[in-house]
Amino acid sequence: MDDAAIESFRRIVDAFKAGDFAAALAACQRVLETTPADARLLFLAGSAARRLGLTADWTDYFRRTLELDPDNVEAHYERAVGLRILGEAGAARQHFERVLALDPGHAAARHQLAQFRRFAAGDPEIEELRRRLAAPDATAADRVLLGFALAKALEDAGEHAAAFAALQAANAIKRGEIDYDVTRDEAFADRLIRTFTPALAERLGAVDGALGSGEVFVVGMPRAGTTLSEQILAAHGEVAGLGEVLDLEAAANAFAAARGETFPECLQGAGSEDLAALGRDYVARVTARAPDAKVRVNKTPANFLYVGAILLALPGARVVHSRRDPLDTCFSCFATLFEAGPYFANDLEDLARYHNLYAATMAHWRGLFPGRVLELDYEALIAEQETETRRLLDFCGLDWDAACLEFHAARRNVETASNLQVRRPLYKGSVGRAKPYAAGLAPLTAKLKGRLRP
């Protein structure tokens, strides 16, 4: 590198330290114009693109890194993650395997590889996972990754008691690292229920009925079928799946901030035209993401908290509530290692309390806005795929498209924990998943307010 390139490199490092990944990527790109064969710069560019969510870009930067530095362990790992999101499962697996060939102690790659295969009793990888978990030099992060991988392997092998013990240990470590208090979420849900009264809904219900007619919101608990619902819709030729985006929460918070208040209390002094402005703000944000789509699907599960705001500010929008058996939902959360949240997933009491507030909130919306939310049951979708798919499309104002039955073949990014499952046709293996764990889940079952669907 010449002096100018060295100075640019320093700026890149400074941008990373400051968390300004857009500036870091732009600086990398400028230097790469004159120094295209620098593996360090390509790796940094990939790292910046990764943090910006530019999946195709980050995957390609790490491909170029590996052309120059074929034994770069982290470049193999990061490229594999990108390929998995892009739906290139076979290529992703090859890179994860290469990581372990170069670094057998790479716990993250070992965890990832466990998701790609089925284990049988006596599989030597099960003992290898146990051995690495027990190693005195295993870090807390390693024990979390290896613990979730071991639990998955043991569940495949039918060793459910041992699988649950592995999950408990891994989740306990993860929960100890998280600053989360479910009481805050309970308080927010209670404020929503107290604010969104029939009187408020009647007063604010005069917004233009067509506003938001191209918007669909898929809401519910994580691991309850929200990704599947979105993937089915996104296979339609007129639909764009946005994934999990925070545009609705951002629009609501901007609305509250402009009024110098908090959400949802800011709605108490608002008028219907104020709500229309909030709705237009949201539409502008998501239109920028997918300007040519007739219908855009926002599948952020926690938007169940904002259903009242959606139906008042965007009366033309459709809300799809993905539901699943409560125990299956909660256990699937507990058995999933999420990259970033939901933070209630690592503790059974937190899970029960969060599921209870979710159920109470959805019951409130159902009473306040009868007939405005489509209830889509995961189990019904598995059992009657075409019938339920037709019902879903009809609710969203879409003509029939047979491609929706072949959703698993759709070429699109899926960044959620379900990104391997939704690349396969529907299967029944996850229905009743929690049954073998009934004894371990007894504390959660006792705290759930009934076993009825929300």
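In the predicted model, the charged end of Arg-324 is placed over the ring of Tyr-378, 4.9 Å from its centre. A second arrangement of this kind involves Arg-390, which lies over the face of Trp-400 at 3.9 Å from the ring centre.

The strands form an open sheet of five members in the order β2-β3-β1-β4-β5, with parallel pairing. The edges are occupied by β2 (239-243) and β5 (373-377); each has a single partner strand, so one side of each is left without a neighbour in the sheet. On average, and with direction ignored, neighbouring strands are turned by 25 degrees against each other. Strand β1, comprising residues 215-220, pairs with β3 (residues 295-298) in the parallel sense over three bridges, and Val-216 stands opposite Val-297 of β3. Helix α20 (residues 385-395) packs on the sheet, where it touches β4 (318-323) and β5, and the direction of the helix makes about 165 degrees with that of β5.

Parallel pairing of β1 with β4 extends over five bridges; within β4, Ser-322 is the bridge partner of Gly-220. Five bridges also join β4 to β5, which run parallel, and here Ser-322 has Leu-376 of β5 as its bridge partner. Ser-322 of β4 is thus bridged to Gly-220 and to Leu-376. Strand β4 is mostly covered, with five of its six residues buried.

The largest nonpolar core contains 125 residues, of which Phe-96, Phe-196, Phe-217, Phe-263, Leu-267 and Tyr-354 touch the most other members. When neighbours within four places in sequence are left aside, Leu-267 is in contact with Phe-196, Leu-200, Arg-203, Leu-204, Phe-255 and Leu-275. Another core, of 21 residues, lies apart from the largest one and includes Val-297, Leu-376, Leu-393 and Phe-407. Among these members, Val-297 is the β3 residue opposite Val-216, while Leu-376 is the β5 bridge partner of Ser-322.

Aromatic pairs number 15 in the structure. One of them, between Phe-196 and Trp-365, is edge-to-face, with 5.1 Å centre to centre and 85 degrees between the planes. Phe-196 is located in the loop between α11 (182-195) and α12 (198-203), whereas Trp-365 belongs to helix α18 (residues 348-368); the pair therefore ties together parts that are 169 residues apart in sequence. Both Phe-196 and Trp-365 are buried. Elsewhere, ring pairs link Phe-164, Phe-331, Phe-334 and Tyr-437 into a cluster.

Several backbone features were also examined. Most residues other than glycine have a negative phi, and most peptide bonds are trans. A cis peptide bond, with omega of about 10 degrees, joins Phe-263 and Pro-264; Pro-264 lies in the loop between α14 (247-258) and α15 (272-289). Phe-263 itself is among the core residues that touch the most other members. A cis peptide bond also joins Gly-341 and Pro-342, with omega of about 0 degrees, and Pro-342 is found in the loop between α17 (326-334) and α18. Arg-223, although not a glycine, has a positive phi of about 70 degrees. This residue, Arg-223, is placed in the loop between β1 and α13 (226-234). Because its relative accessibility is 16%, below the cut-off of 20%, Arg-223 counts as buried.

Technical notes. Residues numbered from 1 in each chain as written. Predicted model: local features only at pLDDT ≥ 70, side-chain atom pairs only at ≥ 80, totals over all residues. Heavy atoms only, no water. Pairing = 2+ DSSP bridges. Helix = DSSP H or I, 4+ residues; strand = E, 2+ residues; numbered from the N terminus. Axes fitted to C-alpha atoms, helices over the stretch in contact; angles between N-to-C directions. Contact = heavy atoms within 4.5 Å. Core = buried A, V, L, I, M, F, W, Y, C linked by side-chain atoms within 4.5 Å. Buried < 20%, exposed > 50% of the residue type's maximum accessible area, 1.4 Å probe, protein only. Phe/Tyr/Trp six-rings, centres within 6.5 Å; stacked < 30°, edge-to-face > 60°. Lys NZ or Arg CZ within 6 Å of the ring centre and 35° of its normal.
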